[in-house]
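Reader: I'd like to learn how to read charged pairs in a model like this. Can you walk me through one case?

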Amino acid sequence: QVQLVESGGGLVQAGGSLRLSCAASGRTLSSYAMGWFRQAPGKEREFVAAISWSGVGTRYVDSVKGRFTISRDNGKNTVYLQMNSLKPEDTAVYYCAAANKPWRTFLVGTVDRGDFSSWGQGIQVTVSS
């Protein structure tokens with residue numbers, strides 16, 4: 001089981017940027033596709049972005065395309081989410097997660113929580129208007 005810890009969240013004004021990091025311990029991340037999810041108050045946890053084990057493949061929810069970038073550094077066992085042009089509707093607790101399915105699973109169809117088996121504790125991102 002891999003342990004995941006998110007960092008880099010906080011309060012930012014609309015239009016600003018934040019970079020979230022997800023550091024892993026226990027096992028190397030290089031074998032896993034990784035993802036970011038978010039959960040706003042009163043809403044379901046939703047998929048944000050995913051990245052293949054090599055970093056070559058990525059996928060995003062439509063609402064963040066062109067604004068967010070997922071990346072990874074397998075040498076540092078860390079996954080990142082660069083968030084630019086933030087909007088108040090991006091306010092949520094953000095979670096990183098390690099996938100339990102191969103990358104080809106994420107090429108079509110929806111990306112679900114059940115596709116991931118290890119989760120971080122989450123970190124708050126608040127975007128003020």
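Reader: Are Arg38 and Asp90 buried or exposed?

Author: Both Arg38 and Asp90 are buried. Keep in mind that this is a predicted model. The label "buried" is used because the relative accessible area falls under 20%. Arg38 comes out at 6%, and Asp90 at 0%.

Reader: How do the side chains of Arg38 and Asp90 meet?

Author: In a salt bridge, with N to O at 2.9 Å. Now check where the partners sit: Arg38 is in strand β4 (residues 34-39), while Asp90 is in the loop between β8 (78-83) and β9 (92-99). They are 52 residues apart, so this pair links distant parts of the chain.

Reader: Which Arg forms a salt bridge with Asp90, with the closest N and O atoms 2.7 Å apart?

Author: That's Arg67. Arg67 lies in the loop between β6 (58-60) and β7 (68-73), so its pairing with Asp90 ties together parts 23 residues apart in sequence. Arg67 is buried too, with a relative accessible area of 11%.

Reader: And what does Glu46 do with Arg38?

Author: Their side chains meet in a salt bridge as well, at 2.6 Å from N to O. Glu46 is partly exposed, though, with a relative accessible area of 32%.

Reader: Which residues are linked in the network, then?

Author: Arg38, Glu46, Arg67 and Asp90 are linked by salt bridges.

Reader: How many salt bridges does the count come to?

Author: Five, taking a side-chain nitrogen of Lys or Arg within 4 Å of a carboxyl oxygen of Asp or Glu as the rule.

Technical notes. Residues are numbered from 1 along each chain as its sequence is written. This is a predicted model: local features need pLDDT of at least 70, side-chain atom pairs count only at pLDDT 80 or more; totals for chains, interfaces and linings use all residues. Side-chain values use heavy atoms; hydrogens and water are left out. Buried means under 20% relative accessible area, exposed over 50%, partly exposed in between (1.4 Å probe, protein chains only). Helices (H or I, at least four residues) and strands (E, at least two) are DSSP runs, numbered from the N terminus.
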